[in-house]
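Student: I'd like to take a close look at one part of this model. Could you walk me through it slowly, with each term explained?

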Amino acid sequence: MDARSLEIVGAGLRQVSRRGAVPVARMTAVGAGVGALVGVLAAVFVTLVAQTTLTSFAVVLWGFVYGVLVGALWSLFRGLVRNRPELVTTRIVPTHYELRCPTDELSVAQTLLTDVSPAPEYDKRAA
C-alpha cells in the first residue's frame, strides 16, 4: 500500500469563535507583581554595585515602587490593546476525520485500521 494514495480528511466542519481575552485588571495586577520583583532585584543590584547617598532600604523601597508603577502601566496598556473586540479568532475545525483510499486498496486499509488501537475521544469542550 502506497502512503501517497491515502488521504486523511476532516469532515463535519464547524466554525468556532474564540476570544482569548484576559481581564485587564488581572493582567495589570500580575504586571505590577512582576514589575515589583524586577524593581527589587534591580535595587539589590544597585545597592551591591553602586555607591549611593541613600540607605539600602530606601533604594530597595524605591525600586519596589518604580517596579510596581512601570509594571502596572505596561500591563495595563498591553491589556487594553490585547483585549480589543476585533481580535476574536475564528477557526474552522472538523468534528471527525475520514480516511480515504483507492477502492482496490480498501481491504488492506481496513486490515491496517483494525490493528490500530482506538484514538482517545475528541473533547469538544476544549475547542
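What do the buried residues of α2 pack against?

Tutor: Happy to! The buried residues of α2 pack against α1, and those of α1 pack in turn against α2 (56-82). Before we zoom in, please note that this is a predicted model, in which local features need pLDDT of at least 70 and side-chain atom pairs count only at pLDDT 80 or more, while totals for chains, interfaces and linings use all residues. Residues are numbered from 1 along each chain as its sequence is written, and side-chain values use heavy atoms, leaving out hydrogens and water.

Let's place the two helices first. Along the sequence, the protein chain follows the pattern β-α-α-β-α, which comes to 3 helices and 2 strands. Here helices (H or I, at least four residues) and strands (E, at least two) are DSSP runs numbered from the N terminus. Confidence is given as pLDDT, the predictor's score for each residue from 0 to 100. The protein chain averages 81, with α1 highest at a mean of 92 and α3 lowest at 77.

Now for the lengths. Helix α1 (residues 24-49) has 26 residues, and because each residue adds 1.5 Å, a span of 38 Å is expected; the end C-alpha atoms are 37 Å apart, which agrees. The expected span is 1.5 Å times one less than the number of residues. Helix α2, with 27 residues, reaches 38 Å from its first C-alpha to its last, close to the expected 39 Å.

Which residues are tucked away? "Buried" means under 20% relative accessible area, "exposed" over 50%, and "partly exposed" in between (1.4 Å probe, protein chains only). In α1, the buried residues are Met-27, Thr-28, Gly-31, Ala-32, Gly-35, Ala-36, Gly-39 and Ala-43. In α2, they are Ala-58, Val-59, Gly-63, Gly-67, Gly-71, Ala-72, Ser-75 and Gly-79. Across the 127 residues of the protein chain, 18% count as buried.

Gly-67 is a good residue to click on. It sits in helix α2 and counts as buried because its relative accessibility is 9%. Leaving aside residues up to four places away in sequence, Gly-67 touches Ala-32, Gly-35, Ala-36 and Gly-39, where a contact means heavy atoms within 4.5 Å. Those four also appear among the buried residues of α1. You can also look at Leu-37: its C-alpha atom is 7.2 Å from that of Gly-67, although the two residues are 30 apart along the chain.

Next, try the view from the other helix. Thr-28 lies in helix α1, and it counts as buried because its relative accessibility is 19%. With residues up to four places away again set aside, Thr-28 touches Ala-72, Ser-75 and Leu-76. Ala-72 and Ser-75 are among the buried residues of α2.

Finally, step back to the whole chain. Among its contacts with a separation of 6 or more, 86% join residues 24 or more positions apart. The protein chain exposes about 10,000 Å², with carbon and sulfur atoms supplying 65% of it; such areas come from the Shrake-Rupley method with a 1.4 Å probe, and for residues only the protein chains shown count as cover. So, to return to your question, the buried residues of α2 pack against α1.
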